[in-house]
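Reader: I would like to learn how to read helix packing and sheet pairing in a model. Could you walk me through an example?
Author: Gladly; here it is.

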Amino acid sequence: MDDLYFVDAHSQVDEHLTDLSLITRRMSKSGVKRTILAPRGMRTHRDILDFTAANVPGLIIPAIRTKGQAYINNDPQYYENLHQHVTSNCFGALGEVLLYHAAKRNQAGEVIAGEVLVCPKDPQVEAAYNAAKAKGWPLVAHIEYAAFMSRIERERSATELQELMRFKRELKELWSLSRQAKHPIVLIHMAQMNDTMMSELLEESDRIYFMTSCCNPIQGAGSNQPWTQMFDEETLMLKPEWKELITAYPKRFIFAIDNVWRYHWDVQYKHVVKLWQDALHELPSNIAHALAHGNAERMWRLDEYRLPDHCR
Ligand SMILES: [Zn+2]
């Protein structure tokens, strides 16, 4: 399977990675043919478009960022930006939309990222869903399901509990909406689900897909969050239950790294891709190719994407 290449269907970059060419150098060394890339922090959409233009067509697929305070606060600015970027026709994808994101703490126990809870039927999500649908792009949703479930168990306030239950209810409605509209929803980071739960969802809705980011011992190292672990920590191979699930639903899993910080690009990158390269050798070739690149290419029509002249 020497010709197995990868498409990274979701990654991000901020201003701390000053030399963006590190991204393309890492890609070419690791056999990653395309990256769907969204800006974060102080990185602008303009930076991503310039970076797209500076490389051979199709290497970088620029994605629209939805995340940020404007999104969380349901500020009109969020809708203005979304509309402006969608109608510019410059982009090839919509970046992940945060639904449930647990608060994250550093080693010292200080909160470094607050909790985000935006219910699936809240207008921000609806706007993102409609934008994605209009452009023919999947909606990429970030849901930390395991953390969400333990949050429900811990909750003592009746009002908050009500909000959490609304979230759970609307999530079910979102699955059936995507099924009826025949529009794909991609759950990034495997939604923090275990294989049993995922297999039920895959069976229930043929429009739900999963992205493999964060679910390996390299990216999950040092995290106290209940990320899905697809790999056996000793053999560094996919656990049998995951091999089985991927084989049963080969079109529903999409490779993504979801780099966020500088060190992800700098230090982790090649190890993460190598881990997957080795693991996929154990799967039938057509299934390995579908997960590594084929599914993303089909769903975002990546071969067609070209940066229009007016976006340069
Ligand atoms: Zn995410």
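Author: Let us begin with a helix pair. Two packed helices are described by the angle between their axes and the distance between the axes. Here helix α4 (residues 76-87) and helix α5 (residues 123-135) pack at about 5 degrees, with axes 11 Å apart. Axes are lines fitted to C-alpha atoms, for helices over the stretch in contact, and angles run from 0 to 180 degrees between N-to-C directions. Helices (H or I, at least four residues) and strands (E, at least two) are DSSP runs, numbered from the N terminus.

Reader: Which word describes how α4 and α5 lie to each other?
Author: They are therefore roughly parallel, a label for angles under 35 degrees. The contact involves Tyr-78, Tyr-79, Leu-82 and Val-86 of α4, together with Gln-124, Ala-127, Ala-128, Ala-131 and Lys-135 of α5. Residues are in contact if their C-beta atoms, placed from the backbone, lie within 7 Å.

Reader: Can I trust the coordinates and numbering?
Author: This is a predicted model: local features need pLDDT of at least 70, side-chain atom pairs count only at pLDDT 80 or more, and totals for chains, interfaces and linings use all residues. Residues are numbered from 1 along each chain as its sequence is written.

Reader: Now the sheet: in what order do the strands come?
Author: Strands of a sheet pair through backbone hydrogen bonds, either parallel or antiparallel. In this model four strands form an open sheet, ordered β1-β2-β3-β4, with parallel pairing. At the edges are β1 (6-13) and β4 (93-94), each pairing on one side only. Two strands pair if DSSP finds at least two bridges between them.

Reader: How many bridges join β1 to β2?
Author: Six. Val-7 has Arg-34 in β2 as its bridge partner. Strand β3 (residues 60-64) pairs with β4 over two bridges, and Ala-63 stands opposite Ala-93 in β4. Helix α2 (residues 45-54) packs on this sheet, touching β2 (32-39) and β3, and its direction makes about 165 degrees with that of β3.

Reader: Is β1 mostly covered or mostly open?
Author: Mostly covered: eight of its eight residues are buried. A residue is buried if 20 or more other C-beta atoms, placed from the backbone, lie within 10 Å of its own. Across the protein, 39% of the 312 residues count as buried.

Reader: And what does the secondary structure of the protein come to?
Author: The protein has 12 helices and 12 strands. Its C-alpha atoms fill a box of roughly 55 × 45 × 45 Å, taken along the principal axes.

Notes. Angles under 35 degrees count as roughly parallel, over 145 as roughly antiparallel, 65 to 115 as roughly perpendicular and the rest as oblique. Two residues are in contact if their C-beta atoms, placed from the backbone, lie within 7 Å. A residue is buried if 20 or more other C-beta atoms lie within 10 Å of its own, exposed if 12 or fewer, and partly exposed in between; C-beta atoms are placed from the backbone.
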